Amino acid sequence: MARLGVLLFLVQIVLAVCALISCLSAEEGKIRALPRIAWVLIILFFPLVGSIAWFIVGREPSTGAGKGWPGGGERQRPRPVAPDDDPEFLRSVEERAQQQDQELFQRWEEDLRRREDDLRRRDGEPPREGDRPEV
C-alpha cells in the first residue's frame, strides 16, 4: 500500500511540474478564465486539482491533429533560416574571405618589394623594376 501511495505522489508531482511548465510557457492569448499568476498559484497550492483544471479549463485546446509536432499539421509562419543554412549568407562569407585573402596577399607583396628595394639600396644597387611580376 505504501508503494502505491509513493507512486501516486510522484505522479502528482510530475503532473504539477508539467502543468507549471505549460502554464508559464503559454502565450498570453492562449490562457483562459484566469490570469497566468492565478493559474500558477492554483497549481502550486492544489497540485492535483490545479494541474487537472489547467489542462481542462485554463488553456485553449489545440485544434488540428499533430499541429504542435514536427512534420504534423501546417506551419502558420515560416521558420527562420539559420545562417549556416542560408546559401546567400555562405556565399557572402566566402566572398569576404577571398577579398581579405587577396588584400593580405597584396600587402605581403608590397612589403616584400619594399624590403628588397631597401636591401638593394644598402648594397649600392639600384632597385630593379623590370624583374618584378605584375599583380
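**Helix 3 and the nonpolar core**

Reader: Which residues are buried in helix 3?
Author: In this predicted model, helix 3 is a helix in the DSSP sense (a run of H or I of at least four residues, whereas a strand is a run of E of at least two, each numbered from the N terminus). Buried means under 20% relative accessible area, exposed over 50% and partly exposed in between, with a 1.4 Å probe and protein chains only. The buried residues of helix 3 are Gly50, Ser51, Trp54 and Gly58.

Reader: Around the axis of helix 3, what arc do they cover?
Author: The arc is taken from the directions that lead from the helix axis to the C-beta atoms. The buried residues Gly50, Ser51, Trp54 and Gly58 lie on the same side of helix 3, because they cover an arc of only 100°.

Reader: Which residues are exposed on the other side of helix 3?
Author: Residues are numbered from 1 along each chain as its sequence is written, and side-chain values use heavy atoms, with hydrogens and water left out. Local features need pLDDT of at least 70 and side-chain atom pairs count only at pLDDT 80 or more, while totals for chains, interfaces and linings use all residues. On the other side of helix 3, the exposed residues are Val49 and Ile56.

Reader: Against which helices do the buried residues of helix 3 pack?
Author: Packing rests on contact, which means heavy atoms within 4.5 Å. Ser51, for example, touches Leu15, Ala16, Ala19, Ile43 and Phe46, not counting residues up to four places away in sequence. The partners of the buried residues are helix 1 (2-25) and helix 2 (36-45).

Reader: Is Ser51 buried or exposed, and what is its relative accessible area?
Author: Ser51 lies in helix 3, where its side chain reaches the backbone oxygen of Pro47 at 2.5 Å. Ser51 is buried, with a relative accessible area of 0%.

Reader: Which helix supplies the largest share of the largest nonpolar core?
Author: A nonpolar core is a set of buried Ala, Val, Leu, Ile, Met, Phe, Trp, Tyr and Cys residues joined through side-chain atoms within 4.5 Å. The largest one has ten residues: Ala16, Ala19, Leu20, Cys23, Ala26, Ile31, Trp39, Val40, Ile43 and Trp54. Helix 1 and helix 2 each supply at least two residues of this core. The largest share, four residues, comes from helix 1.

Reader: How many helices does the protein have?
Author: From the N terminus on, the elements run α-α-α-α. The protein has zero strands, and its number of helices is four.

Key: Polar contact = N/O pair within 3.5 Å; in protein donor to acceptor, adjacent residues only side chain to side chain.
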